[in-house]
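Open your viewer and get comfortable. We will go through this model one selection at a time.

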Amino acid sequence: MTRRSDRALPEIPSSRKIWFRTLPIFISIITLSALAIFNYQKASSSIVNATLYALRTSEAGKRELGEQIYFRDKFPWIWGEMNQLHGRIDISFGVKGTKGRGVMRFKSVRKTRMGFFETQEWSLEMEDGRKMQLLDEVRDDPFKHTALQAQ
């Protein structure tokens, strides 16, 4: 097989077309990956573990959700802000037990730079719309002097 050396060269496709076509896919993959990484960091934090443990040991939580209280979804999504540096925690996530399902909300603030976090809200909203406060005056704040305490 012989080829002529003076033949016309083939057309090279413009790399701009390919680049503009793949850019949105690349950006969406990077964005979804970043969101998943940040959510994983929230889900594995000591704050989420402490609130989930406190819900498991709460009488109201056991009464409404039953036993084996854990995240509602296989890949839990933690909604809200978790900013320990500036003293603001306001998160919510889905939970389930053997009796029911709901959304647990936890809000805590640190008013002074070296102060303790004060729990403002710790509630459980069931799927049927009932909302109960898990933090009551009879039982002391279960998060006092735990990982939610300022160092």
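How many helices and strands does the secondary structure of the protein come to? The answer is three helices and six strands, where helices (H or I, at least four residues) and strands (E, at least two) are DSSP runs numbered from the N terminus. Along the sequence they follow the pattern α-α-α-β-β-β-β-β-β.

A word on what you are viewing: this is a predicted model, in which local features need pLDDT of at least 70 and side-chain atom pairs count only at pLDDT 80 or more, while totals for chains, interfaces and linings use all residues. Residues are numbered from 1 along each chain as its sequence is written, and side-chain values use heavy atoms, with hydrogens and water left out.

**Stop 1: strand β5.** Select residues 117–126, which form β5. Seven of its 10 residues are buried, meaning under 20% relative accessible area (exposed is over 50%, partly exposed in between; 1.4 Å probe, protein chains only). In the protein as a whole, buried residues make up 32% of the 151 residues.

**Stop 2: the partners of β5.** Add β4, residues 101–110, which pairs with β5 in the antiparallel sense over nine bridges; two strands pair if DSSP finds at least two bridges between them. Look for Val-109, opposite Glu-118 in β5, then follow the six residues of the hairpin that joins β4 to β5. Next, add β6, residues 131–133, which runs antiparallel to β5 and is joined to it by three bridges. Here Leu-124 stands opposite Met-132. The hairpin of β5 and β6 has four residues between the strands, and Gly-129 takes a positive phi near 100° there.

**Stop 3: the largest nonpolar core.** Keep Leu-124 selected and add Leu-55, Ile-91, Phe-93 and Val-95: of the 23 residues in this core, these five touch the most other members. Such a core is a set of buried Ala, Val, Leu, Ile, Met, Phe, Trp, Tyr and Cys residues joined through side-chain atoms within 4.5 Å. The elements giving two or more residues to it are α2 (46–57), α3 (59–65), β3 (88–96), β4 and β5, and α2 gives the most, with five. Now center on Leu-55: leaving aside residues up to four places away in sequence, its contacts (heavy atoms within 4.5 Å) include Gly-61, Trp-122 and Leu-134.

**Stop 4: a loop residue.** Finally, select Trp-77, in the loop between β1 (70–71) and β2 (79–83). Is Trp-77 buried or partly exposed? Trp-77 is partly exposed, because its relative accessible area is 33%.
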